[in-house]
Amino acid sequence: MSTKITHQTEGSLSLSEPKQYHVYLLNDDYTSMDFVIDILIRIFHKSYVDAQRIMMQVHQKDRGLCGTYSYEIAETKVHQVSSLARESGFPLKAVMEEA
Ligand code: TYC
């Protein structure tokens, strides 16, 4: 992802940081806790202890932050969660939101 160059009214250039996106896992009643922990380790590179903590937060509070990334990386993580969940027969979903 390249840094955006915007033109200002004075004609000078300013550099702005590319936007960042939070990726959250959503709770549901059917996905197993072990599968969610596995996703957090494999897709979001969490330790077992952090994965367990994030999974429990989603279970109790309905969503939990998994990481913050550029648009393309966040979108890829959301798709990876969907396809691994679908393959395993779970309805697990991830969503992204501008940070
Ligand atoms: N609520 C699920 C259960 O009781 C566990 C779960 C946790 C599901 C986190 C999704 O993102 C999730 N089996």
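Me: Before we look at the ligand, what counts as a polar contact here?
Reply: Happy to start there. A polar contact is a pair of N or O atoms within 3.5 Å. Keep in mind that this is a predicted model. The cut-off to remember is 3.5 Å.

Me: Which side chain has an N or O atom 2.8 Å from a nitrogen atom of the ligand?
Reply: The shell around the ligand includes Leu-26, Asn-27 and Thr-31. For Leu-26, a backbone N or O atom lies 2.8 Å from an oxygen atom of the ligand, and for Thr-31 a polar backbone atom is 2.9 Å from a ligand nitrogen. The side-chain partner at 2.8 Å from a ligand nitrogen is Asn-27.

Me: How much of the ligand's exposed area does the protein bury?
Reply: Thr-31 has a polar backbone atom 2.9 Å from a ligand nitrogen. On its own, the ligand exposes 350 Å². Of that area, the protein buries 88%.

Me: Which element gives the most to the shell around the ligand?
Reply: E3, H1 and helix H2 (48-61) each supply at least two residues of that shell. The top contributor, with three residues, is H2.

Me: Is strand E3 largely enclosed or largely open?
Reply: E3 pairs in the antiparallel sense with strand E4 (residues 63-69) over six bridges, and Val-23 faces Gly-67 there. E3 also pairs with strand E5 (residues 93-98), again antiparallel over six bridges, with Leu-25 opposite Ala-94. Five of the six residues of E3 are buried, so the strand is largely enclosed.

Me: What is the relative accessible area of Ile-41?
Reply: Ile-41 sits in helix H1 (residues 33-42). Together with Tyr-48 and Val-49, Ile-41 makes a nonpolar surface patch of about 280 Å². Ile-41 is partly exposed, at 31%.

Conventions. Residues numbered from 1 in each chain as written. Predicted model: local features only at pLDDT ≥ 70, side-chain atom pairs only at ≥ 80, totals over all residues. Heavy atoms only, no water. Buried < 20%, exposed > 50% of the residue type's maximum accessible area, 1.4 Å probe, protein only. Helix = DSSP H or I, 4+ residues; strand = E, 2+ residues; numbered from the N terminus. Pairing = 2+ DSSP bridges. Patch = residues over 30% accessible without salt bridge, like charges linked within 9 Å, V, L, I, M, F, W, Y side chains within 5 Å. Areas by Shrake-Rupley, 256 points an atom, 1.4 Å probe, with all protein chains shown as cover. Salt bridge = Lys/Arg side-chain N within 4 Å of Asp/Glu carboxyl O. Near = heavy atom within 4 Å. Polar contact = N/O pair within 3.5 Å; in protein donor to acceptor, adjacent residues only side chain to side chain.
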